[in-house]
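This report introduces a protein model to a reader who has not met it before. The sequence and the structure come first, and the description follows.

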Amino acid sequence: MKKRFLQFVSLLLIISLMTACGGNPSGSNPSVSDAASPSGSGEQTGPGTADNEFAEWGAAMKERYGGTTINALLASHPSTTAMLEMIDDFTALTGIKVNTRVLASTEMKTMQRSNSSTKTGIFDVYMVDAFTVYEYAKAGYIENLEGYLNDPVMTPEWYDYEDILLAFRDGIASVDGEAYLLPVAGESRFVAYRTDLFEEHGKKPPETLDEWLELCQYFQEAGNGEYYGISFRGAAGTLVGSAHMAVAYCFSDTPIIDPATGKYQLDSPESVQSIQYILDLAKCSSPDIASMNHEDGAALFAQGKCAMWFDATSLAYMVEDPASSTVAGNVGYFDIPSGPAGESGAVAGWSLGIPTDSQNKEAAYAFSMYMTSRGTAKTYNLAGGVPCRTSVFEDPEILAMSPSNTAIFSALNTAGELAERGVTYNYPSINVLSFMAVIGNEINRAEVGEITAQQAAENAQRQIEAILAEQSA
């Protein structure tokens, strides 16, 4: 009886949150302008997509699902803003109406888990974080999309699934080799550097991890307190944990878990080396590196206080805006250099999926397909959506929007190469984020001198083993 009551309360809460919720948080949905449509007619088309093909698909969807209303639960994100601008055109084309609920990511995930665990059936579309796809798939929260992708009516040729970058297809949207999500926004990691400082000191971008560390050490000394060698996320938990994970695959294809055995191996020699590398980088940064988040690291670089900045590709805008960055116009980029195991390839981002308890799965898929298709990609990206397709990164107009786009494309291709050598960056576990936090907490202790890299690795290994034992009990 208590469980039913809690389910009922949860249902009422979700319904109340959805009430009066339209295509965007303000309740209005600006339509994509004619200028944004390649045909100039206001009808969405894309590279290699004839207007009539687009219209035929829309007519088929309208005949099947016109008049259906779907509810989408989305994260607050620039890509969500872009999708909201496209909803009116989607509805005009397909007759499918869309209500949206946009929340901060943590709050959104809490609501998704509550909705799916109690099977309320309120939502038809989820925006899913790369680090929760495995959890959601294994828990039965989201649909396997292979059948939809293989249906030529639901997924016409102009969707072009293969055009999605490999790093995203395999890295943030698939589980056990099968698609559960359609990527809508993604990122990797790269390093920004001050071209003026590199030119002044006769330095060039590094090709190996050893060269990168030597550069950081050189500029740390050359700065003499006026600027530092590098900035990055050094604070406890997932902050420095994610920084470590981005370089860990340079040292080993299995730095955290051996997928063949399912055993964690944080205390392996290669993992210890990767932790020591992050600690060595931290010595070339600000004295308060152990408390720095991504905004702090970007601000330090934007203020000209460090020679390099190591963070997510999606944050490049924070150092390129002349209104807020003193180094804008003097910023270059390079991929994370090669280590003993090769290049790394951090992969994160967002995708769209269908809850298994949705009552409108086909209409929900039509929405997800439309928003992530090659046919609408340019409109989506010009509206501020984060690129995740090869064709977009090869488009001169998109490349010209930001000086970092070419470097982002390179970093993402590097992440794809990681997948090609059979390495899963987002390792198969429901504990990815929590274990990243465990590792990050121990690395943070080592940053402030409490423990060594070896001790950090051993402590993290013990904690992870204890969590796994409790989960299996």
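How many disulfides does a search of the whole structure find? The search finds zero disulfides, a disulfide being a pair of cysteine sulfur atoms within 2.5 Å. The sulfur of Cys216 has its closest cysteine sulfur in Cys284, and because the distance is 5.3 Å, the two are too far apart for a bond. Cys284 is likewise in no disulfide, its nearest cysteine sulfur being that of Cys216. Cys216 is buried, with a relative accessibility of 0%, and Cys284 is buried at 3%. Here buried means under 20% relative accessible area, exposed means over 50%, and partly exposed lies in between, for a 1.4 Å probe and protein chains only.

**Basis and confidence**

The model is predicted, so local features need a pLDDT of at least 70 and side-chain atom pairs count only at pLDDT 80 or more, while totals for chains, interfaces and linings use all residues. Residues are numbered from 1 along each chain as its sequence is written, and side-chain values use heavy atoms, with hydrogens and water left out. The pLDDT is the predictor's confidence in each residue, from 0 to 100. The protein averages a pLDDT of 88, and 89% of the residues score at least 70. Over residues 1-49, however, pLDDT stays under 50. For that stretch the model has 84 contacts beyond four places in sequence, where contact means heavy atoms within 4.5 Å. Where pLDDT is low, the predicted coordinates should not be read in detail.

**Pockets**

Pockets are sought on a 1 Å grid over the protein atoms alone: a pocket is an open set of points with protein on both sides within 12 Å along at least five of seven lines, and lining residues have an atom within 4 Å of a point. Grid points are joined across faces, edges and corners, and a volume is the space filled by probe spheres set on the points. In the lining, Ala, Val, Leu, Ile, Met, Phe, Trp, Tyr, Cys and Pro count as nonpolar, Asp, Glu, Lys and Arg as charged, and the others, Gly among them, as polar.

| Pocket | Volume | Lining | Nonpolar | Polar | Charged |
|---|---|---|---|---|---|
| Largest pocket | about 1,400 Å³ | 50 residues | 23 residues | 19 residues | eight residues |
| Second largest pocket | about 540 Å³ | 30 residues | 16 residues | nine residues | five residues |

In the largest pocket, His77, Glu187, Ala312, Ser314 and Leu315 are the lining residues nearest the centre. The elements that give two or more residues to this lining include helix H4 (105-118), strand S6 (182-187) and helix H18 (405-420). Helix H4 gives the most, with five residues. Helices (H or I, at least four residues) and strands (E, at least two) are DSSP runs, numbered from the N terminus.

The centre of the second largest pocket has Asp170, Gly171, Ser174, Val175 and Gly177 as its nearest lining residues. Among the elements that give two or more residues to the lining of this second largest pocket are helix H5 (133-138), strand S4 (174-175) and H18.

**Individual residues**

Two residues lie in the loop between helix H6 (146-149) and helix H7 (166-171): Asp163 and Asp160. Asp163 is buried, at 7% relative accessibility. Beyond its neighbours within four places in sequence, Asp163 touches Arg374, Arg389, Thr390 and Ser391. Asp160 is partly exposed at 24%, and its phi is positive, near 55°.

Asn224 also has a positive phi, about 50°, although it is not a glycine. Asn224 sits in the loop between helix H9 (209-223) and strand S8 (228-231) and is exposed, with a relative accessible area of 67%. Most residues other than glycine have a negative phi.

Helix H20 (residues 453-472) holds Glu465, and Gln461 lies in H20 as well. Glu465 is partly exposed at 43% relative accessibility, whereas Gln461 is buried at 5%. Glu465 and Tyr264 are 201 residues apart in sequence, with their C-alpha atoms 7.9 Å apart in space. Gln461 and Gln265 are 196 residues apart along the chain, and 6.8 Å separates their C-alpha atoms. Apart from its neighbours within four places in sequence, Gln461 is in contact with Tyr264, Gln265, Leu266 and Asp267.

Technical notes:
1 Å grid on protein atoms, 1.4 Å probe; cavity = no way out; pocket = protein on both sides within 12 Å on 5 of 7 lines; lining within 4 Å.
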